[in-house]
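Work through the exercises below with the model open beside you, and try each task before reading its solution.

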Amino acid sequence: MSPRTVLSFALLLAAAAPTVGRAQTAPVVGGPRPARLTVLADSVSAGERVRVAVAVDHGPGRSAVFPAVPAGDAEAGPLLAFGDAEAFSVRRLPPRVRGDVRTDSAVYEVAVFAVDTARVGPVGVRLAAGRDTVDVPTGVAVVPVRSALRGGDAEPAPLGPPDPFPGLLPVWTALAVLAALAAAAGAWALARWRRRGQPATPRAEPFPEAAAALDALGAAEPAERALGARQALRVYLGRRLGLPALESTTDEIVEALARNARVPDEARADARRALALADLVAYAGHAPTPAAADGAIDTARTAIAGIEEATAAPTPDAEPGAASDGVPADAGVSPTPLP
């Protein structure tokens, strides 16, 4: 981070400090619990924008004030910095009340500028009760930073000490592994022989399977319905388009859909909305309303229907009886629209 950015951040904090009341830098006994910070990504790249969720629990009679992102051109500054991260926007989430405990949360969009690892945080949340204020800081999250270098431009790994000459233990270990593999192969062959003649149960096509999975979420809790909609959508994308959706982040899935010319823009936008709500539930502890959970299911249905309609039909150059993306289709059977 440049000296100009650090100086601008210090001036911003000084201008935002309250002029009346008593400020404390740590929670008091019986007071609010420490604030929580969660980076909604397993790893980041330098300059890549990711989301950071901040939440704080407190009792009645207080209001939470999260650091505001300066208005204007975020590229020109001044910027709001959280350690190695610089915030560009913030979105306040609806509060959640459980008895006498109220949880306030906000999601920041930040960019990380660091090498190898980045320290995100702390974020200072201010709780106000009349003229008194309490500063409740979050912890610091450390996330790995992916290298932007590829191929021959990347630095070679340093030379290590020579490997010792192997003894007999690897030989016996290899023999034991081979024996275990042989036993497993024999068990598999025996089970296959016993199943010979029994009709196999074929797996449903991706579209009916996704529709059935979404239908089964009707009696679940709102959070489970939102997460279930994300799981059904990811499984469908993996089977229909061959994407590694179960191992990818929401941004990676959306980028892969954008690169597929046959996926409509509306379906890609619906997929992003359904996945984004589930990310807030999974990573930020957001409790969706029943209406929001139903909306996530409906949005996932619409995305699946749009992708199915655009990709399941054979292209003019495709051979008869073959569906798009290498997934075989039954002759004469067209996708059934989602209810």
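## Exercise 1: the strands around β3

Task: determine how strand β1 and β3 pair, and over how many bridges.

Solution. Strand β1 (residues 36-39) pairs with β3 in the antiparallel sense, over 4 bridges, where two strands pair if DSSP finds at least two bridges between them, and where helices (H or I, at least four residues) and strands (E, at least two) are DSSP runs numbered from the N terminus. Within this pairing, Leu37 stands opposite Val54 in β3. Turning to β8, 10 bridges join β3 to β8, and the two run antiparallel; here the bridge partner of Val54 is Ala106 in β8. As a last step, consider burial, with buried meaning under 20% relative accessible area, exposed over 50% and partly exposed in between (1.4 Å probe, protein chains only). Strand β3 (residues 49-58) is largely enclosed by the rest of the structure, because 8 of its 10 residues are buried.

A note on the basis of these solutions: this is a predicted model, in which local features need pLDDT of at least 70 and side-chain atom pairs count only at pLDDT 80 or more, while totals for chains, interfaces and linings use all residues. Residues are numbered from 1 along each chain as its sequence is written, and side-chain values use heavy atoms, with hydrogens and water left out.

## Exercise 2: a three-stranded sheet and its loops

Task: find the strand order of the open sheet of 3 strands, and then inspect the backbone on either side of β9.

Solution. The open sheet has the order β2-β12-β9, with mixed pairing. Its edge strands are β2 (44-45) and β9, each of which pairs on one side only. Strand β12 (residues 141-146) and β9 pair in the antiparallel sense over 4 bridges, and Val120 stands opposite Ala141 in β12.

For the backbone, recall that most residues other than glycine have a negative phi, and most peptide bonds are trans. Asp116, in the loop between β8 (101-112) and β9, has a positive phi of about 70 degrees although it is not a glycine; at 58% relative accessibility, Asp116 counts as exposed. In the loop between β9 (117-120) and β10 (124-129) lies Pro122, which a cis peptide bond joins to Gly121, with omega of about 0 degrees.

## Exercise 3: helix geometry and cover

Task: compare the end-to-end spans of α7 and α4 with their expected values, and identify what covers the buried residues of α7.

Solution. The expected span of a helix is 1.5 Å times one less than its number of residues. For the 22 residues of helix α7 (residues 290-311) this gives 32 Å, which agrees with the 32 Å between its end C-alpha atoms. For α4, with 20 residues, the reach from first C-alpha to last is 28 Å, close to the 28 Å expected; α4 is followed by Gly242, whose phi is positive, near 75 degrees. The buried residues of α7 include Ala293, Ile297, Arg301, Ile304 and Glu308, and the cover over the buried residues of α7 includes α3 (206-215), α4 (222-241), α5 (250-259) and α6 (265-284).

## Exercise 4: the protein as a whole

Task: state how many helices and strands the protein has, and what share of its residues is buried.

Solution. The protein has 7 helices and 12 strands, and buried residues make up 35% of its 339 residues.

Conventions
Contact = heavy atoms within 4.5 Å.
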